[in-house]
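Subject: Structure for your review

Dear colleague,

I am passing on the structure we spoke about, together with a written account of what was found in it. Please read the notes with the coordinates open beside them.

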Number of protein chains: 2
Amino acid sequence: MPSRAEAADMPADGAIEAPERLRRRASRLLSQMSVRSDRLITDGLARVDARKWHYAVLASLQEYGPGSQATLSRNTGIYRSDMVGVLNELAERGDVERTPDPGDRRRNVITITEQGRRHLRRLDDVLDDLHEELLAPLLPEERDQFVGMLRRLLDHHTQRTPPAP
Amino acid sequence: MPSRAEAADMPADGAIEAPERLRRRASRLLSQMSVRSDRLITDGLARVDARKWHYAVLASLQEYGPGSQATLSRNTGIYRSDMVGVLNELAERGDVERTPDPGDRRRNVITITEQGRRHLRRLDDVLDDLHEELLAPLLPEERDQFVGMLRRLLDHHTQRTPPAP
DNA sequence: TAGCTTCGTTCGTGGCACAAACGTTAGTCA
DNA sequence: TGACTAACGTTTGTGCCACGAACGAAGCTA
């Protein structure tokens, strides 16, 4: 795995100066920033042998209590098909337990373990640090505004268009 | 290609309610919002048979004048290897011209055509509308703040760590 | 009973950022 | 002049991710 900094022959990373037209477009800024953010988080979590989906699942379990994989999927935005693998990893580490639901034999009930809770706390700390780095250029008050706006945007674009009757 | 709204069996799209822990994390909001934004823009541009990279390239040419593919790559953040295809498409449509640089026979000089300029203006309009939709929940003043913050974040995370001497 | 939906799971797809390698051409400096 | 290094355009390939199709099993409704 070649270190990112020494790839002799790389292009645009130190983007010289993008056209003003592009620097004005929220969509572009969002997507570029998302790439960097993702890299920061993914790398940071990798250092403690975790992945972002682990955090999402553990956080959801902690907040809503045990649930089926489908519920978990809806709460985290991770697809059912991908959830399987994530839960395999978490179960293997002993962070969650997967047991068949006696009341509905289609379902599994996923429960967070004590160790899972510890890991969640740990990940929260790691993520706090990473976000400190991520949002470094913004004042504390601006960070709140930023998060608030993102939240409103996301909510707005997450509303389900109800199927016509 | 099944329409997005009728896929019988889809998961998390209308995310019921994500854990507060997740809704607080800028990284997650960014990445989710980036996905939606990307979809909005990609679909919107597809309706006029364009792709976002086209806009980036045309904007760069308009602002900085003709340039080599490498320069274009640096200005837009599109990798050299991907630039080839983008320019093929643009050349095919007659939006740019690719001619060998007489002064440096390694290079091609890419020039925007009159038609390219027209298309750029058209795309600018389309993008204006799409961004209106994208940023709908924000007041005009908030939009500026939002873009400003994104810009600062991106600049901060784009600074090149100079290789140790 | 028959016909729907939901669940967990497997497998597959398309798009994207990114990288390796190669032939070609320029610039550099002994 | 010749050898070395670096930039250019191009082809090909990789890994990751969001997403979808399909299926057997199980529950729900009439």
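The notes below take the protein pair and then the two DNA strands in turn.

Please keep in mind throughout that this is a predicted model.

The two protein chains

Chain A can be laid on chain B by a turn of 180 degrees with a shift of 0.0 Å along the axis, and the RMSD of that superposition is 0.0 Å. This is the relation of a two-fold axis, and the same surface serves both copies, since 100% of the contact residues of chain A recur in chain B.

The contact draws 71 residues from chain A and 71 residues from chain B. About 7,300 Å² is buried between chain A and chain B, and carbon and sulfur atoms give 60% of that area. On the side of chain A, the residues that lose the most area to chain B are Arg21(A), Arg25(A) and Arg151(A), which together make up 10% of what that side buries.

As for polar interactions, there are 12 salt bridges between chain A and chain B, and one that may be worth inspecting joins Asp155(A) to Arg23(B), with the closest N and O atoms 3.0 Å apart. The count of residue pairs in polar contact between chain A and chain B, with both residues at pLDDT 80 or more, is 28. Several helices of chain A each supply at least two residues of the side that touches chain B, namely H1 (20-23), H2 (26-47), H3 (52-64), H4, H6 (114-134) and H7 (140-156). Of the elements on that side of chain A, H2(A) gives the most, with 13 residues. By class, the residues of the side of chain A that touches chain B divide into 32 nonpolar, 17 polar and 22 charged.

DNA strand C

There are 25 residues around DNA strand C, and those that come nearest are Arg39(A), Gln69(A), Ala70(A), Ser81(B) and Arg106(B). Of the atoms of DNA strand C that come within 4 Å of the protein, sugar and phosphate account for 70%. Two phosphate contacts can be named here: a polar side-chain atom of Gln69(A) lies 2.7 Å from a phosphate oxygen of DNA strand C, while a backbone N or O atom of Arg105(B) lies 2.9 Å from a phosphate oxygen of that strand. A base is also approached, with an N or O atom in the side chain of Arg106(A) 2.9 Å from a base oxygen of DNA strand C.

The surface near DNA strand C has 15 charged, five polar and five nonpolar residues. At least two residues of this surface come from each of H4 (69-76) and H5 (80-93) of chain A, and from each of H3 (52-64) and H5 (80-92) of chain B.

DNA strand D

DNA strand D is surrounded by 24 residues, of which Tyr79(A), Arg105(A), Arg39(B), Gln69(B) and Ala70(B) are the closest. Sugar or phosphate holds 73% of the atoms of DNA strand D within 4 Å of the protein, and the rest belong to bases. A backbone N or O atom of Arg105(A) lies 2.8 Å from a phosphate oxygen of DNA strand D. Base nitrogens of DNA strand D are reached by side chains from both chains, with a polar atom of Asp82(A) at 3.2 Å and an N or O atom of Arg106(B) at 3.1 Å. The elements that give two or more residues to the surface near DNA strand D are H5 of chain A together with H4 (69-76) and H5 of chain B.

With best wishes

How values were computed. Residues are numbered from 1 along each chain as its sequence is written. Chains are lettered from A and ligands numbered from 1 in the order in which they are written. Side-chain values use heavy atoms; hydrogens and water are left out. Copies are superposed by least squares on the C-alpha atoms of residues with pLDDT of at least 70 in both. Contact means heavy atoms within 4.5 Å. A residue is near a molecule or strand if one of its heavy atoms lies within 4 Å of it. A polar contact is a pair of N or O atoms within 3.5 Å; within protein, one must be able to donate a hydrogen and the other to accept it, and residues adjacent in sequence count only if both atoms are side-chain atoms. Helices (H or I, at least four residues) and strands (E, at least two) are DSSP runs, numbered from the N terminus. Ala, Val, Leu, Ile, Met, Phe, Trp, Tyr, Cys and Pro count as nonpolar, Asp, Glu, Lys and Arg as charged, and the others, Gly among them, as polar. Buried area is the accessible area (1.4 Å probe) that two parts lose on being put together, summed over both. A salt bridge is a side-chain nitrogen of Lys or Arg within 4 Å of a carboxyl oxygen of Asp or Glu.
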